[in-house]
Amino acid sequence: LPGHIHDVTAAPISGGGAVIVMRDATPIERAERTQREFIANVSHELRTPLTSISGYVETLIDHEESLSPMARSFLDIILKNASRMTRLTEDLLALARVENREDAANPVPLAADRIVQDAIASVRGLVVDSGAKLSTGELSKQMVMASSDQIVQVLSNLIENATRYGRTRNGDPAAVEVSATQDGDMVRFAVRDHGIGIGSEHLQRIFERFYRVDKARSRETGGTGLGLAIAKHIIEEHNGKIWVESDLGAGSTFIFTLPLAASFSAP
Ligand code: ADP
């Protein structure tokens, strides 16, 4: 069945001969696709009732004068949780879209410094609210191949995480530095914080969906556990790499690379 066999492993066995294992990956791929479509459909179906719940609760809160203090505080909790579920469904849909390649990367040449400035502009409100100090290091003006919306989303997400998890032990607001440096035929984008850091045993796994070092803390700060999984997909679709370097208690640097536009030759 040419085209159906995905993975072939051969191993010699004692006494001569060999064992050849051929894995037909097609049913697995089909099952994964069905699962992704199911998640996308469920997320989509949850959107409308969630919008309705939030809408009615907001209307009730607007009529505060007719509410008892207890009703008011319960409505705040309902609204907070409905917003959390909305964020989760939005992130699940975004992940399903990148995984199913519905949002295929459509890279065009863009200046690296421009991408950084756009990402900073998109998180400005959040950074101001958190009291974080955001600064920029070297910002290369090299042109990279990038789907603007997707890469700005990745970078904004990393900056958002840095402001969330970047608080120092004594609770001082985060100091976050963003840079873009040319490295051979790539540009390295880096987001550095001086916060809680990540233990070495978690470094690989935090790019998995729903993997969180500290579930309670992530929930408290409004995280969904999907941001880095989405980021990894987007960067790999761009032929880049994403990783993190971190010292527990001293801070983390999230780094991703994008190919220089000049390194792309027309087919
Ligand atoms: P979340 O929505 O929970 O932030 P992410 O996928 O963005 O989900 O991140 C996954 C986990 O990685 C987080 O829950 C957190 O434990 C860890 N993490 C991400 N960014 C940082 C950071 N800058 N410093 C420390 N831990 C981080």
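Which pocket is the space taken by the ligand? The ligand occupies the largest pocket. This report looks at that site in a predicted model.

**Confidence**

Start with how the model scores. The protein has an average pLDDT of 89. At least 70 is reached by 95% of the residues. The model as a whole has an ipTM of 0.97. Its pTM is 0.82.

**The annotated span**

The UniProt record, an unreviewed entry, lists "domain: Histidine kinase" for residues 41-262. Helix makes up 48% of this span, and strand makes up 21%. From one end of the span to the other, the C-alpha atoms are 40 Å apart.

**Around the ligand**

Now turn to the shell. It holds 22 residues that surround the ligand. The closest are Tyr 165, Asp 193, Ser 218, Thr 224 and Leu 228.

Which elements each supply at least two residues of this shell? They are helix H4 (148-165), helix H6 (227-237) and strand E9 (251-259). H4 gives the largest share, with five residues.

**Polar pairs**

Three side chains place an N or O atom by the ligand, as the table shows.

| Side chain | Ligand atom | Distance |
|---|---|---|
| Asn 161 | oxygen | 2.9 Å |
| Tyr 165 | oxygen | 2.7 Å |
| Asp 193 | nitrogen | 2.8 Å |

Two of these names, Tyr 165 and Asp 193, are also among the closest residues in the shell. Tyr 165 pairs with an oxygen atom of the ligand, whereas Asp 193 pairs with a nitrogen atom. Asn 161 also has an oxygen atom of the ligand as its partner.

How much of the ligand's accessible area does the protein cover? On its own, the ligand has 540 Å² of accessible area. The protein covers 97% of that.

**In brief**

The ligand takes up the largest pocket. Its shell draws most heavily on H4. The protein covers 97% of its accessible area.

Conventions
Residues numbered from 1 in each chain as written. Predicted model: local features only at pLDDT ≥ 70, side-chain atom pairs only at ≥ 80, totals over all residues. Heavy atoms only, no water. UniProt positions renumbered as here; feature names shortened; annotations may be inferred. Helix = DSSP H or I, 4+ residues; strand = E, 2+ residues; numbered from the N terminus. pLDDT = per-residue confidence, 0-100. Near = heavy atom within 4 Å. Polar contact = N/O pair within 3.5 Å; in protein donor to acceptor, adjacent residues only side chain to side chain. Areas by Shrake-Rupley, 256 points an atom, 1.4 Å probe, with all protein chains shown as cover. 1 Å grid on protein atoms, 1.4 Å probe; cavity = no way out; pocket = protein on both sides within 12 Å on 5 of 7 lines; lining within 4 Å. Sits in = over half its atoms within 2 Å of the grid points.
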